[in-house]
Amino acid sequence: MTQASKDTLGQLLLTLHVSGGQASRAELTDRLGCGRSVMGYLLGELADRSLVRIDRTGGKPGGGRPSHQVTIPAEAPTVVAAQIQPDAFTVATVGLGGKILSRSTLPLRNPQPSEALDELCELMNQHVGPNVLGFGVAVPSPVRADGYAPAALHLGWPGLHLLDLLREHLDRPVAIANDANLAALAEHRHGAGRESGQLLYLTTGNVGLGGGVVTEGRLFLGAHGYAIEPGHITVDPDGAQCPCGSTGCLEVEADHRALLRLLGIEVPLQEVAARIEDLLASPSEDVLEAVHRVNTRLAIGLGSLANIVDADRIVLGGTLGKLYSLEPETVRRKLAERAFLADLAHVPITPGELADSVLLGAAELAFQPLLDDPRAFVRAN
């Protein structure tokens, strides 16, 4: 077996995976740019490993050569994905094609890392079935290449060798990464970032703002895994205090806290998302003014990032997408003012498409070894 053969088999499985788990043989042949005989050989290999099913009964309208349909069968491998949030854990079983098959949510009852991780792992193990390859975990912290999470600031956790702690409780391969990075990867493969060459992604939820860059289909992580922490770009030196110790960071000037702070509203953490949704569903003049101020700070941050990243698409996930949709002209105008090159002023900006981008990104992390080399992870029948 040659390296090219191994890579091509993985590319074929990835192509089917990002197509939602189904495509015609002709579509796959065209996307991979290979011949019909090569495609037949590769599909045969995947079918022998129960990774695809080939339906040869279809045909073109009016007759002609059948257009075989290729799908991912129910018995194909799955993974368990987990998202750690400041107030809860969410765990899901995810199939190839990016389909969430089941999910569970557990409130974060104990703030101590050891007790919280015990509960998380117990929930993850409940999702393990015979076809589960491994686990992917999304963490609200930068994650070093060796699995060390130095700054889960919104959980109040100290620096932890998180990957080692999880491996003590899980009996299959486990990988972890920053939650916003993983959301970026999911949007690139299954959402608004599809087919972009250089994707810049930003997102916010209840607390904090993160993001990532996907370059030619792979996350850009830097030398140690810490690259692209957009939440800690300064957009207002005289702004709010950030948990990182600085002031006016993008994450405290453009997340839910910023909007609520501008409106003089205080609510418990578990009620923040619902309150934000209500405010943005039918915004008053006061809300629109607050949105304008948040969007201005967001655009300042985007301008700095665009000059560094040279993206060909910007995707705004979570509430950032909703804020942008309320007044896109503010963000576009400010970005144009701050873009070093004229081309950057015209980069497409779009809201994210995936409601479960972080979970799906965690699943991508767990699926990646299979997508890189299907032969190494699934035996032929």
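Me: Is Asp-343 buried or exposed in this predicted model?
Reply: The model is predicted. Exposed means over 50% relative accessible area. Asp-343 has 67% relative accessibility, so Asp-343 counts as exposed.

Me: Where is Asp-343 found?
Reply: Look past helix H12, residues 328–338. Strand E13 covers residues 349–351. Asp-343 is found in the loop between H12 and E13.

Me: Which residues form a negative surface patch with Asp-343?
Reply: Asp-343 is exposed, at 67% relative accessibility. The negative patch also holds a Glu and other Asp residues. The partners of Asp-343 there are Glu-216, Asp-310 and Asp-312.

Me: What is the order of the strands in the open sheet of five strands?
Reply: The pairing in this sheet is mixed. The edge strands are E11 (218–219) and E13, and each pairs on one side only. Read across, the order is E11-E10-E9-E12-E13.

Me: Which residue in E11 is the bridge partner of Thr-215?
Reply: Strand E10 spans residues 209–215. Two bridges join E10 to E11, and the two strands run antiparallel. In E11, the partner of Thr-215 is Arg-218.

Me: How many of the residues of strand E4 are buried?
Reply: Strand E4 covers residues 78–84. Buried means under 20% relative accessible area. E4 is largely enclosed by the rest of the structure, because the number of its residues that are buried is seven of the seven.

Me: Which residues point the other way from Thr-78, Val-80, Ala-82 and Ile-84 in E4?
Reply: In a regular strand, side chains alternate between the two faces of the sheet. Thr-78, Val-80, Ala-82 and Ile-84 point one way from E4. The other way point Val-79, Ala-81 and Gln-83.

Me: Which residue in E5 is the bridge partner of Val-79?
Reply: E4 and E5 form a hairpin, with three residues between them. Strand E5 (residues 88–95) runs antiparallel to E4, and seven bridges join the two. In E5, the partner of Val-79 is Val-94.

Me: Which residue in E7 is the bridge partner of Thr-78?
Reply: Strands of a sheet pair through backbone hydrogen bonds, either parallel or antiparallel. E4 and strand E7 (residues 132–139) pair in the parallel sense, over five bridges. In E7, the partner of Thr-78 is Val-132.

Me: How far apart are the C-alpha atoms of Gln-112 and Gln-83?
Reply: Gln-83 belongs to E4 and is buried. Gln-112 sits in the loop between E6 and H4. Gln-112 is partly exposed, with a relative accessible area of 46%. The two are 29 residues apart along the chain, and their C-alpha atoms are separated by 17 Å.

Me: How many residues apart in sequence are the parts that Glu-45 and Arg-375 tie together?
Reply: Glu-45 and Arg-375 form a salt bridge, with the closest N and O atoms 2.5 Å apart. Glu-45 lies in helix H3 (residues 36–48) and Arg-375 in helix H14 (residues 374–377), so the pair ties together parts that are apart in sequence by 330 residues.

Me: Which residue is linked with Glu-45 and Arg-375 in a network of salt bridges?
Reply: Glu-45 is buried, with a relative accessible area of 11%. Arg-375 is buried too, at 16%. Linked with them in the network is Arg-49.

Me: Is Arg-109 buried or exposed?
Reply: Arg-109 meets Glu-119 in a salt bridge (3.7 Å, N to O). Glu-119 is in helix H4 (residues 113–126), and Arg-109 is in the loop between strand E6 (99–107) and H4. Glu-119 is partly exposed, with a relative accessible area of 22%. Arg-109 has 56% relative accessibility, so Arg-109 counts as exposed.

Me: How far apart are the closest N and O atoms of Asp-146 and Arg-144?
Reply: Side chains of opposite charge can pair when their charged atoms come close. Asp-146 is partly exposed, at 41% relative accessibility. Arg-144 is also partly exposed, at 28%. They form a salt bridge, and the closest N and O atoms are apart by 2.9 Å.

Me: How many salt bridges does a search of the whole structure find?
Reply: One of them joins Asp-146 and Arg-144. Another joins Glu-119 and Arg-109. The number found in the whole structure is 15.

Methods:
Residues are numbered from 1 along each chain as its sequence is written. This is a predicted model: local features need pLDDT of at least 70, side-chain atom pairs count only at pLDDT 80 or more; totals for chains, interfaces and linings use all residues. Side-chain values use heavy atoms; hydrogens and water are left out. Buried means under 20% relative accessible area, exposed over 50%, partly exposed in between (1.4 Å probe, protein chains only). Helices (H or I, at least four residues) and strands (E, at least two) are DSSP runs, numbered from the N terminus. Two strands pair if DSSP finds at least two bridges between them. Patches are made of residues with over 30% relative accessible area and no salt bridge: like charges are joined within 9 Å, nonpolar side chains (Val, Leu, Ile, Met, Phe, Trp, Tyr) within 5 Å. Accessible areas come from the Shrake-Rupley method with a 1.4 Å probe; for residues, only the protein chains shown count as cover. A salt bridge is a side-chain nitrogen of Lys or Arg within 4 Å of a carboxyl oxygen of Asp or Glu. Lys and Arg count as positive and Asp and Glu as negative; His and the chain ends are not counted. The place of a charge is taken as NZ of Lys, CZ of Arg, CG of Asp or CD of Glu.
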